[in-house]
Amino acid sequence: MTRALPPAFAPILAAAALLLSAACGRTDLSELEVGDRIVTPAITGIDVEKIKIVGSSTVSPFATAVAEQFGAVTEWPTPVVETTGTGGGFKAFCLGTGPSRPSISDASRPIKSGELALCAANGVNDPAEIRVGYDGIVIANSKAGPDFDITKAELYRALAMDLPDGQGGFVPNPYKSWNEVSPSLPDEPILVFGPPPTSGTRDAFVELGMEHGALEDPQMAALRDADETTFLQRARTIRTDGAWIDFGENDAAVVQALTKTPTAIGILGFSFLEQNSDRVKAGLLSGVPPDFVHIKDGDYGLSRMLFIYVKRENLGFVPGIAEFVQEFVSDGAMGPDGYLLDKGLIPLTDEDRAAEQVRAAQLKVAPEDGAD
């Protein structure tokens, strides 16, 4: 493991780069590489390493909007935002420290204990959790398609790989059309475009939707009481016979596919529904619409919190991390009239937003930072 030098050494690195370029006969001094960093000795003599952000496709549009604003109004360069899915983001985030590693991970669910263990094994200790708003998981389809009003129990019966047989055993899911699950549902084939296993949206959907729906079945409720591990495996495993199609981390691609397949439904974040309301519509969940008010109040049963996680060890290596986080949680970004609301973010309460602003203000450079 090598140690990256803190920002205070940037002028020294710049001077060294200047001498090296002269020795090599280089005349373009606007940008020189020094280790993991790029220095601009002829212009500023300071480190211009960009903040690297990975993670959730749901949080990504919000992080991108903040990054663009941050790059436009501050001295720091615009951060780089990469959509990897929540699980993929945590994996990259937890692999080590230093400016070549992501400094922030977007997430549409809390970090798991196994991910924290991976972080700790690679020198990433106690990442700062910052809440940034709410989102709803939407059951959407083309505006040309049928209307849906579905329950969690019906979602479970339609999408679980195996279903209880009522006698203590399980059978492969026999349902082919929605009206076989319930006569109140459309007479259309079960076809769902959904997020892959690395997605926080999928994690939340199987936990908040299918798991809760499974509990309405007496055999599954008894299984939970007797063997919770087996219950969770049964309740959360999605069928693989073509009724559910993993559609990558790009919700925009799901929207496009829904417009071409009016009988299909898609699992989307609320923000993507808002941005594409001219093409897709949302189904009801037990009669409740996934709108701003019902998601914020928790009345909509597939509501969730959104997060960013900050690598404290990188605060001393990549300039502007703390300032970026402060911009993210500012009133101007995620307040009641903030620019993120235009992107579909459902804001925290005033009290919760103030608490996150305090957490962001407390981000400080650790006295000892390491990098690989």
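Where does Leu-191 lie? Select it and you will find Leu-191 in the loop between α6 (178-181) and β10 (192-194). Before going further, a word on the model: it is predicted, with local features needing pLDDT of at least 70 and side-chain atom pairs counting only at pLDDT 80 or more, while totals for chains, interfaces and linings use all residues. Residues are numbered from 1 along each chain as its sequence is written, and side-chain values use heavy atoms, with hydrogens and water left out.

**Stop 1: around Leu-191**

Keep Leu-191 selected and show its contacts (heavy atoms within 4.5 Å). Setting aside residues up to four places away in sequence, Leu-191 touches Trp-178, Gly-242, Ala-243, Ile-245, Thr-261, Ala-264 and Ile-265. Now add Ala-158, which is 33 residues from Leu-191 along the chain; their C-alpha atoms are separated by 9.7 Å.

**Stop 2: helix α5**

Ala-158 belongs to the buried residues of α5, so that helix comes next. Buried means under 20% relative accessible area, exposed over 50%, and partly exposed in between (1.4 Å probe, protein chains only). Select residues 152-159: 7 of the 8 residues of α5 are buried, so the helix is largely enclosed by the rest of the structure. The buried ones are Lys-152, Ala-153, Glu-154, Leu-155, Tyr-156, Ala-158 and Leu-159.

**Stop 3: the whole chain**

Zoom out and colour by secondary structure. The chain has 15 helices and 15 strands, where helices (H or I, at least four residues) and strands (E, at least two) are DSSP runs numbered from the N terminus. Of its 372 residues, 50% count as buried. Among contacts with a separation of 6 or more, 72% are between residues 24 or more positions apart. Switch on the surface: the chain exposes about 16100 Å², with carbon and sulfur atoms supplying 53% of it. Those areas come from the Shrake-Rupley method with a 1.4 Å probe; for residues, only the protein chains shown count as cover.

**Stop 4: the disulfide**

How many disulfides does a search of the whole structure find? The search finds 1, a disulfide being a pair of cysteine sulfur atoms within 2.5 Å. Select Cys-94 and Cys-119, which it joins with an S to S distance of 1.9 Å. The pair links distant parts of the chain, 25 residues apart: Cys-94 is in the loop between α3 (86-93) and β5 (104-107), and Cys-119 is in helix α4 (residues 113-121). Look along the S-S bond: its torsion is about -60°, so the disulfide is left-handed. Both cysteines, Cys-94 and Cys-119, are buried.

**Stop 5: Lys-91 and Ser-60**

Lys-91 is found in helix α3, and it is exposed, with a relative accessible area of 56%. Add Glu-115: Lys-91 and Glu-115 are 24 residues apart in sequence and 7.2 Å apart in space, C-alpha to C-alpha.

Then move to Ser-60, in helix α2 (residues 60-73). Ser-60 is buried, with a relative accessible area of 7%. Leaving aside neighbours within four places in sequence, Ser-60 is in contact with Val-81, Thr-83 and Asp-106.

**Stop 6: α7 against α9**

Finish by selecting helix α7 (residues 200-214) and helix α9 (residues 228-236), whose axes come within 9 Å and cross at roughly 110°. The contact is made by Val-206, Glu-207, Met-210, Glu-211 and Ala-214 of α7 and Phe-231, Leu-232, Ala-235 and Arg-236 of α9.

Conventions. Axes fitted to C-alpha atoms, helices over the stretch in contact; angles between N-to-C directions.
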